[in-house]
Amino acid sequence: MTAQQLIAQIQHKKSFLCIGLDVDLTKIPPYLLDTEDPIFEFNKAIIDATHDLCVSYKPNTAFYEAYGIKGWQSLQKTIDYLNQNHPDIFTIADAKRGDIGNTSTMYAKAFFEDLNFDSVTVAPYMGKDSVEPFLAFENKHTILLALTSNEGAFDFQTKDIDGVELYKTVIETSKTWKNAENLMYVVGATKAEYFTEIRKIIPNSFLLVPGVGAQGGSLSEVCKYGMNENIGLLINSSRGIIYASNGTDFAQKAREEALKMQHEMEQILKL
């Protein structure tokens, strides 16, 4: 998927919502545990109920890898279902990979060719030769961890090095990498005050923003400082939507929560 196709979908749906499909078998409705593939059945119901309200889905691969080969098969079925039924939706493999050359190439093949995701999250700590193999894939996107929403982000990411905070150096350096136009960036919603500085470095890039909702991030604040002329934001919500209920009405409740966010986004887009 190209960035222009993503922008067109945002404009059509009046939404820049990304829904995280982080399936924990201890939290899903108990009756689903009796099905052949509880993870996929849960995801399918969420997708069927919310696909018209969001522009992206983001499975965190840890929630699938934790269940071994069966979990990986559930992930495969989920992405296949999305690609076959909703090919206009932007898919993100939240895998946070990052290793040297040949290994990164194999990770990229796994997510871009085998599973056919549109994008994958990647850690930048090992530098350009760990990221450029992902960037080599046409119409695929690499979402670089830039400034995350967790407490430990302050251990390294905001450290001042020769007068410049490390996250700024990471973002600035990434712009010099081959095929950098295929980069997007993770910026946590709980650090909304940093968006102004980030937009000075990457005014046109898409930002994947976790932390709105359950983690306390403010949608209005993120949009105030982070939105660009093409919107340029994918606001992720996981637990607040998919676990709105653990009863038989879970999909309908998920839709209601997604609709609340979509309505708020629609109002912001009118401003």
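**Helices, salt bridges and cysteines**

Q: In which helix are E113 and K109 separated by about one helical turn?
A: E113 and K109 stand four residues apart, about one helical turn. The model is predicted: local features need pLDDT of at least 70, side-chain atom pairs count only at pLDDT 80 or more, and totals for chains, interfaces and linings use all residues. Residues are numbered from 1 along each chain as its sequence is written, and side-chain values use heavy atoms, leaving out hydrogens and water. Among the helices (DSSP runs of H or I, at least four residues, numbered from the N terminus), the one holding this pair is α5 (residues 101-114).

Q: How far apart are N and O in the salt bridge of E113 and K109?
A: A salt bridge requires a side-chain nitrogen of Lys or Arg within 4 Å of a carboxyl oxygen of Asp or Glu. E113 is partly exposed (20% to 50% relative accessible area; buried is under 20%, with a 1.4 Å probe and protein chains only), at 46%, and K109 is partly exposed at 34%. Their N to O distance is 3.6 Å.

Q: Which residues are linked with K168 in a network of salt bridges?
A: K168 is buried at 18% relative accessibility and forms a salt bridge with E165 at 3.5 Å. K168 also meets E197 at 3.3 Å; this pair joins helix α8 to helix α9 across 29 residues. The network links K168 with E165, E197 and K200.

Q: How many disulfides does a search of the whole structure find?
A: A disulfide needs two cysteine sulfur atoms within 2.5 Å. The sulfur of C54 is 7.5 Å from that of C18, its closest, and therefore too far for a bond. For C223 the closest is also in C18, at 14 Å. The number found is zero.

How values were computed: Helices (H or I, at least four residues) and strands (E, at least two) are DSSP runs, numbered from the N terminus.
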